[in-house]
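Q: Hey, can you walk me through this one? I'm new to reading structures.
A: Sure, have a look and then ask away.

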Amino acid sequence: MTIALGYTALACFLVLVVKYPLRKLGLAKANAFMMKLHEIASGTLFLAGILHMITALVKKRKHVLLIVSGAVLFAILFIIVEACHMTKDYEVKMKWHRILSLLAVLALAAHIIFFFI
């Protein structure tokens with residue numbers, strides 16, 4: 001169950017981050033479609049992430065770096081959502097959204113690497 005929830009969260013994460021390259025490549029229709037999925041994917045990511053954390057902790061995974069990287073990833077994702085809802089200036093909001101998204105990608109990469117160690 002934990003692994004399935006992790007893959008669900010990963011799939012949602014990929015839906016969220018693929019939007020940026022689509023926009024940069026000038027694929028406006030694909031970008032617009034992904035924007036429609038953005039809020040759904042974000043909510044599903046949070047739900048799957050919380051359930052993933054709970055089931056992983058119940059299984060008592062002992063690898064500290066795995067737990068820390070997952071917690072850091074979840075914290076970054078939480079900050080992204082909060083910053084988007086609290087920041088009024090669109091350009092500032094998007095700047096921080098991109099910076100935090102890059103940090104989330106790095107935290108996810110670390111989390112996946114620590115899983116396989």
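**Chat about the helices and histidines**

Q: Let's start with histidine 97: what is it in contact with, leaving aside its neighbours within four places in sequence?
A: Histidine 97 is in contact with His38, Ile80 and Cys84. Contact here means heavy atoms within 4.5 Å.

Q: Anything I should know about the model?
A: This is a predicted model, where local features need pLDDT of at least 70, side-chain atom pairs count only at pLDDT 80 or more, and totals for chains, interfaces and linings use all residues. Residues are numbered from 1 along each chain as its sequence is written, and side-chain values use heavy atoms, with hydrogens and water left out.

Q: Cool. Where does histidine 97 sit, and is it buried or exposed?
A: Histidine 97 is in helix α5, residues 90-116. Its relative accessible area is 18%, so histidine 97 is buried. Buried means under 20% relative accessible area, exposed means over 50%, and partly exposed is in between (1.4 Å probe, protein chains only).

Q: How far is histidine 97 from leucine 77 in space?
A: They are 9.7 Å apart, C-alpha to C-alpha, and 20 residues apart in sequence.

Q: How many helices and strands does the chain have?
A: Five helices and zero strands, so the pattern along the sequence reads α-α-α-α-α. Both kinds of element are DSSP runs numbered from the N terminus: helices are H or I with at least four residues, strands are E with at least two.

Q: And histidine 52, which helix is that in?
A: Histidine 52 is in helix α3. With a relative accessible area of 19%, histidine 52 is buried. Leaving aside neighbours within four places in sequence, histidine 52 is in contact with Thr2, Leu5, Gly6 and His111.

Q: What about valine 64, buried or exposed?
A: Valine 64, in helix α4, is exposed, with a relative accessible area of 57%. The C-alpha atoms of valine 64 and phenylalanine 114 are separated by 9.1 Å, though these residues are 50 apart along the chain.

Q: New topic: how do people describe two packed helices?
A: By the angle between their axes and the distance between the axes. Axes are lines fitted to C-alpha atoms, for helices over the stretch in contact, and angles run from 0 to 180 degrees between N-to-C directions.

Q: OK, at what angle do α3 and α4 pack?
A: About 150°, with the axes of α3 and α4 (residues 64-86) 11 Å apart. The two helices are therefore roughly antiparallel to each other. For the cut-offs, angles under 35 degrees count as roughly parallel, over 145 as roughly antiparallel, 65 to 115 as roughly perpendicular and the rest as oblique.

Q: Which residues make that contact?
A: On α3, Ser42, Leu45, Phe46, Ile50 and Met53, and on α4, Phe74, Leu77, Phe78 and Val81. By class, the contact of α3 with α4 has eight nonpolar, one polar and no charged residues. Ala, Val, Leu, Ile, Met, Phe, Trp, Tyr, Cys and Pro count as nonpolar, Asp, Glu, Lys and Arg as charged, and the others, Gly among them, as polar.

Q: How do the axes of α1 and α3 cross?
A: The axes of α1 (residues 2-17) and α3 (residues 28-58) come within 8 Å and cross at roughly 155°. That makes α1 roughly antiparallel to α3. Their contact has 13 nonpolar, nine polar and no charged residues.
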